[in-house]
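Please take a moment to look over the chain shown here, and keep it in view while you read the paragraphs that follow.

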Amino acid sequence: MNASMAEQNAIAQNIANVDTPNYKAKKVVFNDVLQSSLVANRTNPRHYNFSTSDGSGYTTVTDNFGSVQNNGNNVDIDHEMSELAQNQLLYQALGQSASNQFQQFNMVLGGSN
């Protein structure tokens, strides 16, 4: 859910800066951090694996999607609105899943519905 919230913030910044000269759109990337966290240098095979990432699971980078407008801005409002809708659905699904998980824990622990 934290990564989805970070993506929501990046999209909101892009939409807010749609008319800002020379603004470059931002996007949240997950796979690059995942890949870098899977690579580890161990000096002994008995050592535990470790991660070089900061633990957040995502990074925010400049998005080179679309064409650059006359003012140097590359924000495509239609693309951003589509990404916003998709991310909102993802966040709602993650929230519902977390809520269901807590309800199951509550039931197992003897709480009421």
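Leaving aside its neighbours within four places in sequence, with which residues is Asn87 in contact? The residues in contact with Asn87, where contact means heavy atoms within 4.5 Å, are Ser4, Glu7, Gln8 and Ile11. Asn87 itself lies in helix H3, and it counts as buried because its relative accessibility is 3%, buried meaning under 20% relative accessible area, exposed over 50% and partly exposed in between, with a 1.4 Å probe and protein chains only.

Before going further, note that this is a predicted model, in which local features need pLDDT of at least 70 and side-chain atom pairs count only at pLDDT 80 or more, while totals for chains, interfaces and linings use all residues. Residues are numbered from 1 along each chain as its sequence is written, and side-chain values use heavy atoms, with hydrogens and water left out.

The chain has 3 helices and 2 strands, and from the N terminus on these elements run α-β-α-β-α; helices (H or I, at least four residues) and strands (E, at least two) are DSSP runs, numbered from the N terminus. The mean pLDDT, which is the predictor's confidence in each residue from 0 to 100, is 80 for the chain, and 76% of its residues reach 70 or more. Among the elements, helix H2 (residues 31-38) has the lowest mean pLDDT, 53, and H3 the highest, 91. Where pLDDT is low, the predicted coordinates should not be read in detail.

Helix H3 therefore deserves a closer look: its 32 residues should span 46 Å at 1.5 Å a residue, and its end C-alpha atoms are indeed 46 Å apart, which agrees, the expected span being 1.5 Å times one less than the number of residues. Besides Asn87, the residues His79, Glu80 and Leu84 of H3 are buried, and the buried residues of this helix pack against H1. Just after H3, Gly110 takes a positive phi of about 90°.

On the surface, Met1, Met5, Leu90, Tyr91 and Leu94 form a nonpolar patch with about 410 Å² of accessible area together, and H3, residues 77-108, gives the most to it, with 3 residues. Such a patch is made of residues with over 30% relative accessible area and no salt bridge (a side-chain nitrogen of Lys or Arg within 4 Å of a carboxyl oxygen of Asp or Glu), with like charges joined within 9 Å and nonpolar side chains (Val, Leu, Ile, Met, Phe, Trp, Tyr) within 5 Å; accessible areas come from the Shrake-Rupley method with a 1.4 Å probe, and for residues only the protein chains shown count as cover. Met1 is placed in the segment before helix H1 (2-16), and it counts as partly exposed because its relative accessibility is 41%.
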